[in-house]
Amino acid sequence: MRISIEWLKEFVDLKETPDALADMLSMLGFESKVAHDFSLLTKVVVGKVVTAKKHPNADRLKLCTVNDGRNTLSVVCGAPNVDAGQTIVFARVGAVLPGDFVISKAKIRGEESRGMICSERELGISDEHDGIMVLPKTLKVGKLIQPHLDKMYSALELDLTPNRPDGFSHYGIAREVALKTRRKLKNISVKTLNAKSKDVHTIAKVTIEDATDCPRYMGAVLNNVTVGPSPDWMIERLKAAGQRSINNLVDISNYVLLEMGHPTHIFDFDMIPSNTIAIRRVKNDKTITTLDEEKRNLSKQQLLITDGKKPIALAGIMGGLESAVQDKTNTVFVESAYFDPVTIRKGSKELGLLTEASRRFERGADVNAVETALWRVINLLQEHAGGELIPGIIDEYPGKFKPKSISMRRNELDLFAGCKISDREVKMILNGLNIKHEKKKDHWKCTPPSFRPDLEREADLIEEIIRVYGYDNIPSATNYASSYLLEHPDPEKPLEDLRNLFSAFGYQECQSNTLQSEYWTTIHGKKSIAMMNPLTEHMTHMRTDLLPGLLEALDFNIKNGSPDLYLFELGNVFIQEKKGLSGMKEIPLVCGLVHGNRVSLSAHEQAKTTTVFTVMGHMDRLCMAMDTSTPTFEMVEIKGYQQAFTVCVEKEEIGVLGMVDPIFVKDLGLEIDQPVHCFSLETNKLIPLLTNQQKFATINVYPIVERDVDFVFSEEVETGVVSQKILKQNYPNLNEVFPIDIFRHKSVGSDHKSVTFHFRFQHPDKTLEDNEVSSVINKIKRLVLSDFDAKLRSSN
């Protein structure tokens, strides 16, 4: 939100520079920065247009002469509103405008131009560029424009947190400044004339269907309003706050919104022939055309303002086009209401329509500000639109506001603050926050104001005291203490160990969004959990699998020139196994994929494409690192996989791996042409294995002896089974056995294969001799030949 510093001065005395004010508000919890910096406009001055004639060589350009206080210069200008006698903003040659745009002398269509007559967009004030910026004639020609712009348009850009609806206004921010600086806060003054008269009830009626949806609704009727331009001071203030002027009626409503933070709406009362305003939920209503001329479909989530029959506005969100004020509007109905925040938030999310009104209502407006806002709009309409109030106002208030009492204990305040804040200081802060309080023996009994719905418990009050007291006034701690279980000081540590292992295998970690589209979450046939208030149509359900997110990341990397990837993600998936909350299951998983080449192409080696055996090798290495048994793999059929295997460790299935089905990739709307191999493991089953005690072994400095042996097997024999059989014999000094090559040819038989096994030997205390290794190799040959009906092909 943009806050005009000049506007703030109406409510509180400001002595700080814009930068100092931004720092103060940031320390109070309102992240701020200066929106406009006019200090660089050193060669931009107040100028006067002496003449403005049609350019001799261009239909849409004008050839002007401008007095800059020193000289009269020739300037070519394309703005349609430039005219002789105007006081304007003139950028001399050499001036630097926002965006590092340097003004230089130029020839435009054969005519010399020595400077620029500036629009608001060129000065960074607004997006207005249809015409030049015309200044008041009271400004002295030749003076730097910076002081004038600083006064009129100096502003702060605030990034407000959702829990502070009171900060969405100039008055709310002024209240914070007054609180921090201990200066007087000036109230918003309104004139309430004939408020108790019943005349308005004879021509207008308000009904509320449900007090929960609309606890309070106020209205008033004014005759003989004149629609026209707003006064200059209002236009300038709206402009400084980032709003453009439309007409006096619309501007007045927007002005009050920005001034005190409470949304109001003005209806053309002649367009409500029933003279009835009825607030209710959607029933048989199908659509409404809103002020932005968009036809919107309605659902049960929306709260409507109706004329007793058809909808004329989306309550708390946007008015309807049919009842909007027009140039010929004569009689208006002014609305000021308090709507239930949850109802407005759900309706806004359902429609995908976020407005300045809904932004405030859904965070919690001030039910007691409804009347002040109404009278403020009435007063401005009387003053600047000639409106004549029908005596009396309508005030339907079925959901009376009941303030909450909260106890704040002295010992808790001291504990949270870490220092002693005096009772006198606490009293001043509570008074500044408009919190009614009564000091008891060891606590304060507090009642927060209606404009602070975020103050719900003791911790909130303590946070407010510390915030206003100043975080920089809290002394730094010199030691820290905390309590934790000695047995499990960090329950997340096993996950960190898992991250380190996959990083060691060459994987890079991804973090994809937990929310996905309904199509993505149900593509596996699993039942997903829908969000009540989805952010977008692509984030409506909680994910049921980690693989789609990884594939999306892979697709992005391929398109950006990085096809060789190992990716993994640690995260939770959510499945609706049964009805209700108890039927929702959250499963922690680790999922990974490999794509492209596993060895980069270089002058010395050829690239090797990743396969399903790459992933199997990683699972084997994972089990080895966890000091558990070698994993086994059994082929299964799983939707989304072209080829899939279960991964079992110590007879327990911990996950699956395989080759992703290209059709599945295509159905996700991704463009991945080469094969993708992946794995998905249950984290809860891995963590117990990760907690195995790690064994330390000294580094063996003696040489490794390697041997290769070729065996011919029947096709049915699995190489993994052969390796495990050999290792189980515990042959002396044999450390590793694994196949390195499989050869199929008619020379070994049509239903046979030749497999090369690699053996590694190493003694912990000496260098092995050849006869020691050969004796073991001979035993291995005899074992394999007898137990697997194999034949010996050759050996090295």
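Me: What makes strands 26, 28 and 27 an open sheet, and which of them are the edge strands?
Reply: In this predicted model, the three strands (DSSP runs of E, at least two residues, numbered from the N terminus) stand in the order 26-28-27 with antiparallel pairing. Strand 26 (406–409) and strand 27 (436–439) each pair on one side only, and are therefore its edges.

Me: How do you know that strand 26 pairs with strand 28?
Reply: Two strands pair if DSSP finds at least two bridges between them; strand 26 and strand 28 (residues 443–447) are joined by four, so they meet that definition. Arg-409 stands opposite His-443 in strand 28.

Me: Why is the space of about 880 Å³ called a pocket?
Reply: On a 1 Å grid over the protein atoms alone, a pocket is an open set of points with protein on both sides within 12 Å along at least five of seven lines, whereas a cavity is a set where a 1.4 Å probe fits but cannot get out. The space of about 880 Å³, filled by probe spheres set on points joined across faces, edges and corners, is the second largest pocket. Of its 31 lining residues (an atom within 4 Å of a point), those closest to the centre include Val-250 and His-265. Helix 6 gives the largest share of this lining, five residues.

Me: On what terms should these values be read?
Reply: Residues are numbered from 1 along each chain as its sequence is written, and side-chain values use heavy atoms, without hydrogens and water. Local features need pLDDT of at least 70 and side-chain atom pairs 80 or more, while totals for chains, interfaces and linings use all residues.
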